[in-house]
Amino acid sequence: MSDLQFKRHRRLRRTESMRSLVRETKLHKEDLIYPIFIVEGENIKHSVKSMPGVYQVSLDHLSAEMKELENLGIRSVIVFGVPKEKDDVGSEAYHASGIVQKAIRHIKEAHPSLTVVADTCLCQYTDHGHCGIVLDGDIANDDSLELLTKTAVSQAEAGADIIAPSNMMDGFVAAIRRGLDESGYGHIPVMSYAVKYASAFYGPFRDAAHSSPQFGDRRAYQMDPANRIEAIREAESDVGEGADFLIVKPALSYLDIMREVKDRFNLPLVAYNVSGEYSMIKAAAANGWVNEEEIVMEKLTSMKRAGADLIITYFAKDAANYLDQ
Ligand code: PBG
């Protein structure tokens with residue numbers, strides 16, 4: 001034995017305090033952004049069937065929800081409106097008293113120190129469920145940009161701190177940046193869903209947001225999961241157009257993409273830990289097949305290790321509780 005040459009890596013793993021001393025990646029509560037679904041009506045707290053622990057809430061429940069988040073130490077939310085009325089141009093998305101605009105006002109009035117991110121898309125608001133408007137059976141890029149810009153400006157007017165366009169139209173960052181600047185919102189940053197794949201992991205979200213496409217799918221505007229170089233092109237465009245944050249979505253099957261984007265672009269990187277990624281863990285944990293706390297912390301840590309600075313996650317409350325223990 002004595003003449004064997006090898007390194008003793010286990011020296012640094014002997015005790016928990018030793019391990020925490022050399023831990024390279026740490027998750028903080030400040031990294032977490034919690035998604036909220038707001039519906040019209042009163043006294044509604046409706047559990048989303050495919051997402052245990054996630055609710056659609058009406059405006060009157062928002063305050064309690066925000067208090068809970070503040071008590072847990074979570075300081076950022078991303079809001080998704082679920083309107084009652086839909087039409088072919090998604091008018092409720094940019095209505096001054098649309099559901100999401102009302103929600104943003106409500107949150108900022110009662111909890112001004114929370115950072116409110118507004119998701120900017122049309123799919124919850126259009127009767128066809130696509131992220132832009134439909135002309136001749138196609139999702140019309142440039143016509144959609146006008147409506148998306150109106151949506152972003154109305155969200156900023158309502159008090160949103162960050163605009164997060166998720167629609168995947170070409171030029172959406174340029175259009176929204178210009179719209180915000182021209183309306184006096186030059187100080188409001190754009191968190192771009194720069195790299196968004198056409199993913200089966202969005203299934204449960206579409207239950208929560210009532211946003212399934214009523215014909216076809218989103219493959220003509222969201223990215224092909226097989227593509228890596230294209231992700232760099234997408235991120236490059238958005239950086240050039242003035243994005244302040246970059247999102248990679250989904251997270252877990254795309255950690256390689258996250259690392260590349262982080263290494264190439266000097267902007268805060270956001271991982272979107274999407275609905276399907278949440279529901280799969282919840283289902284396995286409910287069956288007693290995995291240890292939920294350990295799995296959740298391992299997954300969130302892996303996103304940070306891959307380069308994410310921030311994580312949008314339905315696990316934010318759970319993670320904050322685990323971090324407190
Ligand atoms: C809307 C949007 C989607 C998500 C966030 N914004 C879904 C989609 O493209 O259908 C997905 C979020 C999730 O699955 O958690 N454009």
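This short talk covers the enclosed cavities of the structure above and one buried residue, Ser275. What we have is a predicted model, in which local features need pLDDT of at least 70 and side-chain atom pairs count only at pLDDT 80 or more, while totals for chains, interfaces and linings use all residues. Residues are numbered from 1 along each chain as its sequence is written, and side-chain values use heavy atoms, with hydrogens and water left out.

Let me start with the cavities, meaning sets of points on a 1 Å grid over the protein atoms alone where a 1.4 Å probe fits but cannot get out, with lining residues having an atom within 4 Å of a point. Searching the whole structure gives two cavities of 30 Å³ or more, and the largest holds about 170 Å³, a volume being the space filled by probe spheres set on the points. Its lining has 20 residues, and Cys123, Lys196, Tyr202, Phe205 and Lys249 are the ones nearest the centre.

The second largest cavity holds about 60 Å³, and strand 1 gives the most to its lining, with four residues; strands are DSSP runs of E, at least two residues, and helices runs of H or I, at least four, numbered from the N terminus.

Turning to Ser275, this residue sits in helix 9, residues 275-286, and is buried (under 20% relative accessible area, 1.4 Å probe, protein chains only), at 1%. Among the residues that Ser275 touches, with heavy atoms within 4.5 Å, are Tyr202 and Phe205. The Ser275 side chain also reaches the backbone nitrogen of Phe205 at 3.0 Å.

Definitions and conventions
Buried means under 20% relative accessible area, exposed over 50%, partly exposed in between (1.4 Å probe, protein chains only). A polar contact is a pair of N or O atoms within 3.5 Å; within protein, one must be able to donate a hydrogen and the other to accept it, and residues adjacent in sequence count only if both atoms are side-chain atoms. On a 1 Å grid over the protein atoms alone, a cavity is a set of points where a 1.4 Å probe fits but cannot get out, and a pocket is an open set with protein on both sides within 12 Å along at least five of seven lines; lining residues have an atom within 4 Å of a point. Lists of a residue's contacts leave out its neighbours within four places in sequence.
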